[in-house]
Amino acid sequence: MPSRRTVLAATAGLTAALSLSGTAHADDRRLRALISRMTVEEKVGQLFVTRVYGHSATDPDPADADANLAELGVRTAAELVERYHVGGVVYFGWAHNTRDPYQIAELSNGIQRASLRRPRGLPVLISTDQEHGIVARVGAPATLLPGAMAMGAGGSRADARTLGRIAGRELRAMGIRQDYAPVADVNVDPANPVIGVRSFGAGPEAVAAMVDAEIRGYRSAGVAATAKHFPGHGDTAVDSHHGFPVITHSREVWEELDAVPFRAAIAAGVDSIMTAHLLMPALDDSGDPATLSRPVVTGLLREHLGYDGVVVTDALDMAGVRTEYGDDRVPVLALGAGVDQLLNPPKLDLAWNAVLTAVRAGELTEARLDESVLRILRLKRRLGLFSEPYVSRAGVRRTVGTRAHLAAADRIAERTTTLLVNEGPLLPLSPRTHGRLLVVGADPASPTGTTGPPVTVLAAALVELGFTATALSTGTAPSAATIDRAVAEAGEADAVVAATYDVTADSPQRTLVERLLATGRPTIALAIRNPHDVAQLPSVRAYLASYSWTDVELRAAARVIAGVVPPLGKLPVPVPRADDPAQMLYPIGHGLTY
């Protein structure tokens, strides 16, 4: 690994000055001097944040090298930064970037080495989506914490700040300095297919409080948080990964609902804000998605809300931003709208050259590039990348997945489990009276590939608490034969625990639970994603919500079922009746305890 002296020399001494404390004005002067020495190609490169396949910057597996060659025109991450001078790299599990913490740290170091050894080389801002809950790219043995809606159910700003601090410290130890979290969307549509439990809830002030706290936690750890998805993605039934959402909020509704958490994020000093690939005609009736809208990005975010930090697009390979314009026009229009970072274009070579051509043709001025490059370099300076671009194995060992962090995650999760129904009361269960349990239900894939399966994890957690528990995975769409088997095995149990996942009116999961109830065995249901499952199963006498199916949330639910800890969570979203959505079944704030 190059020494600190080598790193400083690689940027012609400018980073030496930037690594010293000084006034913001003096730092900007030094950064502008650095920008003045950059070529147009280097400036264009700083604007791009791209994927790259492989666990190593120089020696990826052959299949990953081939994927890089096919999609990026290079074989390795080192070649990527050499050719395109990219300012950022985003890690994904599917790109094989996140096998384990030590590997992630070495990949990060390899990317930094490749960039800093270049003439005028600059440190790379490495990012990922580590929201926790159902969206996480880095898995165990790193600490995995409850997702946003669970945190909203807990309602503790202190816990949200702790989450940001723990998550930030671990990411930083692995060389990741920018996290695309927290979600600042107010989820007012129960059918929202893309946000849902990724949101803190349906109340703008409550969401704002959690956004503020989590951002402050990340900032204290030296990691850039990213509030997303501006101007607000919480009221849509269309997933912008696959379509083009249109949100019909008036300007007044936007101010009172969607804008509130983003105002809080800006007040908390958020380092970056991510745009959404959606249309809100009341904010801009041109038909362009917010990512490409100057009235939204510059007019609203920069001028109306007063934000001068880094603006990053949502991924440019998503359908929501590609419906109207080609992949060569999208990055140019995004920069024209006022964004700074261009995230994961589908064809990097095409996008990079399109921006370069736009500058040479005068569509984009070099001064416009300089504005964004300055914001990006300011952020790198604040994150310490000029002075400390590398990480160490010792730092990973001291920080990632520590006993203290894991214990904190368990304590936080215990305060999020929500008891929605408890007739009798049926809960808590005791090993003395209900010692033999059957645990059935859905086993959705692990968000990180390192946790679960949920039914097995839940059964194991109950065994640790003194029960005898049998796990039977019945899936999200159990067959008649599977349902018959579950009913037969329920006859040998004292009680049944059923994990439900996004139950609909015609879901076979309803049939499963109703058949189990008909056996007469006490049946407890646990909604492991959307709490709205409870509306589809009104006959269940005891229903809980964990808001996700990762291990930490399932263990917490097991402790609540066993009465080791009381249920403390409160619904952060309303649950309407399934047969009459205009009628409220459970309001925001509902939650039982014992």
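**Entry 1. Salt bridges**

I began with the charged side chains and counted 39 salt bridges. The model is a predicted one, and I read every value below as computed from it. As background, I noted that side chains of opposite charge can pair when their charged atoms come close.

I then looked up individual pairs. Asp28 and Arg378 meet through their side chains in a salt bridge, with 2.6 Å from N to O. I traced this pair along the chain: Asp28 belongs to helix H3 (residues 24-36) and Arg378 to helix H15 (residues 366-382), and the two are 350 residues apart, so distant parts of the chain are linked. For Asp28 I found a relative accessibility of 16%, which counts as buried. Since the cut-off for buried is under 20%, I recorded Arg378, at 26%, as partly exposed.

Next I took Asp494, which forms a salt bridge with Arg436; the closest N and O atoms are 3.0 Å apart. This pair too links distant parts of the chain. I located Asp494 in the loop between helix H19 (480-490) and E14, and Arg436 in strand E12, 58 residues apart. Asp494 is partly exposed at 22% relative accessibility, and Arg436 is likewise partly exposed, with 44%.

The third pair I examined was Asp579 with Arg577, whose closest N and O atoms are 2.7 Å apart in a salt bridge. I listed Asp579 as exposed, with a relative accessible area of 59%, and Arg577 as partly exposed at 37%.

I also followed shared partners. Salt bridges of this kind join Asp28, Arg302, Asp308, Asp340, Arg375 and Arg378 into one network.

**Entry 2. Strand E14 and its neighbours**

I turned to strand E14, residues 495-500, and asked how many of its residues are buried. Six of its six residues are buried, and the strand is mostly covered. In a regular strand the side chains alternate between the two faces of the sheet. I therefore checked each face of E14: Ala495, Val497 and Ala499 lie on one side, Val496, Ala498 and Thr500 on the other, and all are buried.

Which strands pair with E14? I found strand E12 (residues 436-441) running parallel to E14, joined to it by five bridges. Within that pairing, Gly441 stands opposite Ala499. I found strand E15 (residues 523-527) paired with E14 in the parallel sense, also over five bridges. Here Thr500 has Ala527 of E15 as its bridge partner.

I then examined the connection from E14 to E15. Together with helix H20 (residues 508-518), these strands make a right-handed β-α-β unit.

**Entry 3. The eight-stranded sheet**

I next recorded an open sheet of eight strands, ordered E9-E8-E7-E6-E3-E2-E1-E10, with parallel pairing. Strand E9 (310-312) and strand E10 (342-343) stand at the edges; each has a single partner strand, so one side of each is left without a neighbour in the sheet.

At the E10 edge I looked up the pairing with strand E1 (residues 48-50): two bridges join the strands, which run parallel. I noted that Phe48 stands opposite Leu342 in E10.

Finally, I looked for a helix against this sheet. Helix H7 (residues 101-116) lies across strand E2 (88-91) and strand E3 (125-128), and I recorded its direction as about 160 degrees to E2.

Conventions: Residues are numbered from 1 along each chain as its sequence is written. This is a predicted model: local features need pLDDT of at least 70, side-chain atom pairs count only at pLDDT 80 or more; totals for chains, interfaces and linings use all residues. Side-chain values use heavy atoms; hydrogens and water are left out. Buried means under 20% relative accessible area, exposed over 50%, partly exposed in between (1.4 Å probe, protein chains only). Helices (H or I, at least four residues) and strands (E, at least two) are DSSP runs, numbered from the N terminus. Two strands pair if DSSP finds at least two bridges between them. A crossover is right-handed if, with the strands pointing away from the viewer, the path from the first strand over the helix to the second runs clockwise. A salt bridge is a side-chain nitrogen of Lys or Arg within 4 Å of a carboxyl oxygen of Asp or Glu. Contact means heavy atoms within 4.5 Å. Axes are lines fitted to C-alpha atoms, for helices over the stretch in contact, and angles run from 0 to 180 degrees between N-to-C directions.
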